[in-house]
Amino acid sequence: MAVREIRELGDDVLYKKAKPVKEMTPRTRELIEDMLDTMYEAYGVGLAAPQVGVLKQIVVIDVGEGPIILINPEIIKEEGEQTGSEGCLSVPGKYGIVTRPEYVKVRALDENMEPFEVEGTDLLARAFCHEIDHLQGKMYVDQTLDGLHDVSEEPIEEEEEAL
């Protein structure tokens, strides 16, 4: 598969609504694989199709528990609240403080176009909301509580080997 170019803040495609996927085609399967490759290459936890210039309702997420593929996702339940730092592959080098639900339940289709529901809390709930917003042409930068901040450029210290 291939790594695709990630569209950045200011690109018109990021502000357009994505269209529902009606059927799984070889091209759509390739797009999903490319999105996963692109997300992993960029060390992201989520990616929506508009971020690679494709206006389809497809999201890929991996918060460290394996990939989740969401086609035509919709949030059907939200509970609680969490406020924290959020970044985006389309806004490199920046982060903002955003309030999201603590718990989210999503209904979507999987890569075989079979309906399913998935739940998440904490980072996964945040990722669901963030990526599904992308499908509606919404960016987290418009929801920050205090604007955008530069990501620290301090080097990450390597862990010492255990003796």
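Begin by selecting Arg107, which counts as partly exposed at 37% relative accessibility, and keep in mind throughout the tour that the model on the screen is a predicted one. Add Glu117 to the selection: Arg107 forms a salt bridge with Glu117, and the closest N and O atoms of the pair are 3.4 Å apart. This contact links distant parts of the chain, since Arg107 belongs to strand β6 and Glu117 to strand β7, ten residues apart. Glu117 is partly exposed as well, with a relative accessible area of 41%. If you now bring in Glu74 and Lys105, you have the members of a network of salt bridges in which Glu74, Lys105, Arg107 and Glu117 are linked.

From these side chains, turn to the backbone and select residues 103-109, strand β6, together with residues 115-121, strand β7; the two strands run antiparallel and are joined by seven bridges. To follow the register, pick Ala108, which stands opposite Phe116 in β7. The two strands form a hairpin with five residues between them, and in the turn you can select Met113, whose phi is positive at about 65°.

Next, look at β6 from the side of strand β3, residues 68-79, with which β6 pairs in the antiparallel sense over six bridges. Ile75 is a useful marker here, as its bridge partner in β6 is Val106.

Now colour the whole sheet. Which strands make up the open sheet, and in what order? There are five, in the order β1-β2-β3-β6-β7, and their pairing is antiparallel. The edge strands are β1, at residues 46-48, and β7, each of which pairs on one side only. Looking across the sheet, you will find a twist that averages 35° from one strand to the next. Helix α1 packs on this sheet, touching β1, β2 (58-61) and β3, and the direction of α1 makes about 35° with that of β2. Select residues 122-135 to see helix α2, which lies across β1, β2, β3, β6 and β7 and runs at about 125° to β7.

The next stop returns to charged side chains, of which the structure offers several pairs, for it holds ten salt bridges. Select Lys77 and Glu79, whose side chains meet in a salt bridge at 3.3 Å, N to O. Lys77 counts as partly exposed because its relative accessibility is 38%, and Glu79 is likewise partly exposed, at 41%.

For another pair, select Asp150 and Lys94, whose side chains meet in a salt bridge at 2.4 Å, N to O. Asp150 lies in strand β8, residues 148-150, and Lys94 in strand β5, residues 94-100, so this pair ties together parts that are 56 residues apart in sequence. Is each partner buried, partly exposed or exposed? Asp150 is exposed, with a relative accessible area of 54%, whereas Lys94 is partly exposed, with 31%.

Finish at the surface by selecting Leu9, Tyr15 and Leu148, which make a nonpolar surface patch of about 250 Å². Tyr15 is found in the segment before α1, the helix at residues 26-41, and counts as partly exposed, at 39% relative accessibility.

Definitions and conventions. Residues are numbered from 1 along each chain as its sequence is written. This is a predicted model: local features need pLDDT of at least 70, side-chain atom pairs count only at pLDDT 80 or more; totals for chains, interfaces and linings use all residues. Side-chain values use heavy atoms; hydrogens and water are left out. Patches are made of residues with over 30% relative accessible area and no salt bridge: like charges are joined within 9 Å, nonpolar side chains (Val, Leu, Ile, Met, Phe, Trp, Tyr) within 5 Å. Accessible areas come from the Shrake-Rupley method with a 1.4 Å probe; for residues, only the protein chains shown count as cover. A salt bridge is a side-chain nitrogen of Lys or Arg within 4 Å of a carboxyl oxygen of Asp or Glu. Helices (H or I, at least four residues) and strands (E, at least two) are DSSP runs, numbered from the N terminus. Buried means under 20% relative accessible area, exposed over 50%, partly exposed in between (1.4 Å probe, protein chains only). Two strands pair if DSSP finds at least two bridges between them. Axes are lines fitted to C-alpha atoms, for helices over the stretch in contact, and angles run from 0 to 180 degrees between N-to-C directions. Contact means heavy atoms within 4.5 Å.
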